[in-house]
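Hi everyone, thanks for having me. Let me put the structure up, and then I'll walk you through a few spots in it.

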Amino acid sequence: MDKEEAYNILDALAEGCSPFTGEQLENDSILNERKVIRALQIALDALNTRPTSKQQSSTTVQDSVEVKTVMTIIEVMKAANIEPSVSKVSRFLLGSKQFKESNITQNGLYGSLKHSFTYRTLNPTISQLAKDNNDITTALTTSPKEKPWDSVDFFEQPQFCTLSEKAIDQLKNKINELGILKQPPHLSDYVISARTEYARAYEPWSSKELEYLGKALKYTNDLQLLSVCFQRGENSLRTVGKKLIYEYKVNET
């Protein structure tokens, strides 16, 4: 693996998507942790050395990309319900397969620079262009998408647990009986890594498992205990638990 490939992989991970398929990673991915994101950025900065003789200079790249071009690409992405970013604009200009499932590939700007530049020579310049231009900065700034259950404060309330030791053991056994569908070799490295700590990390939530969680929430809001029982990360349990509580209240009214 050369530096170019390593840079592309790390940058995709920092963007929260798979470097091979372009798919967005799940919300509870370890890659969404602040320190992990920062570590990836430091690694990217370290790899982003001066262009080699085979690469174009940043001045040439700057001359090849106009603010109008970047703004057009951002508008095209938004129209296709794709959240734009500096990285995605760069990949779009280079003809990345990340967009193969979208009709935005029909746009004339798609892949227009793929024969002239590499990602490592293009992305830093697009980034600088965004920093220097308020219109691009504003266009790239998106408000976090709030979900209706985000306001549920169940897990912020004083911790409680009325489950007996027997009930806890029964819950653990029921979860174990569910089995695990997503197995090697169909798992990515980051999923395999996550499962060293949480055996059911990134496993699809079945209706039965959701039922067990819904019942457990009537007796406890102890995320650490629930994590042990369900063999999932606390962030995942918090998100799914809040959604279940919200849906229950909606259906109740």
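Let's start with helix α8, residues 165-178, and helix α11, residues 223-230: their axes come within 8 Å and cross at roughly 45°. Keep in mind that this is a predicted model. Why bother with those two values? Well, two packed helices are described by the angle between their axes and the distance between the axes. For our pair, the angle means that α8 and α11 are oblique to each other.

So which residues in α8 and α11 meet? On the α8 side we've got I168, L171, K172 and I175. Over on α11, the partners are L225, V228, C229 and F230. If you sort that contact of α8 with α11 by class, you get seven nonpolar residues, one charged residue and no polar ones.

Now, C229 turned up in that list from α11, and a cysteine always makes people ask about disulfides. How many disulfides does the count come to? Zero. Why does C229 have no bond to C161? To count, the two sulfur atoms would have to be within 2.5 Å. The closest cysteine sulfur to the one in C229 is in C161, and because that is 8.4 Å away, it's too far for a bond. Looking from the other end, the sulfur of C161 has C229 as its closest cysteine partner, also at 8.4 Å. As for their surroundings, C229 is buried, with a relative accessible area of 1%, while C161 is partly exposed, at 37%.

Okay, next stop: helix α5, residues 86-93, which is where R91 lies. Is R91 buried or exposed? It's buried, with a relative accessible area of 11%. The cut-off there is under 20%, so R91 makes it into the buried group. And who's around it? Leaving aside the neighbours within four places in sequence, R91 is in contact with N8, D11, A12, S96, Q98, F99 and Y119.

While we're at α5, let's talk about aromatic rings. The count comes to six aromatic pairs. One of them is F92 with Y110, an edge-to-face pair with 5.4 Å centre to centre and 65° between the planes. This pair links distant parts of the chain: F92 is in helix α5, Y110 is in the loop between α5 and α6, and they are 18 residues apart. F92 is buried, with a relative accessible area of 1%, and Y110 is partly exposed, at 22%. Then there's F154 and F155, with ring centres 5.0 Å apart and planes at 85°, so that pair is edge-to-face. F154 counts as buried at 17% relative accessibility, and F155 is buried too, at 11%.

Remember F99, from the contacts of R91? Ring pairs link F99 with F92 and Y110 into a cluster.

Let me finish by zooming out. What does the secondary structure come to? Twelve helices and zero strands. Reading along the sequence, you just get α after α: α-α-α-α-α-α-α-α-α-α-α-α. Of the 253 residues in the protein, 39% are buried. And if you take contacts between residues at least 6 apart in sequence, 65% of them join residues at least 24 apart.

That's my tour, happy to take questions!

How values were computed: Residues numbered from 1 in each chain as written. Predicted model: local features only at pLDDT ≥ 70, side-chain atom pairs only at ≥ 80, totals over all residues. Heavy atoms only, no water. Buried < 20%, exposed > 50% of the residue type's maximum accessible area, 1.4 Å probe, protein only. Axes fitted to C-alpha atoms, helices over the stretch in contact; angles between N-to-C directions. Helix = DSSP H or I, 4+ residues; strand = E, 2+ residues; numbered from the N terminus. Parallel < 35°, antiparallel > 145°, perpendicular 65-115°, else oblique. Contact = heavy atoms within 4.5 Å. Nonpolar A, V, L, I, M, F, W, Y, C, P; charged D, E, K, R; others polar. Phe/Tyr/Trp six-rings, centres within 6.5 Å; stacked < 30°, edge-to-face > 60°.
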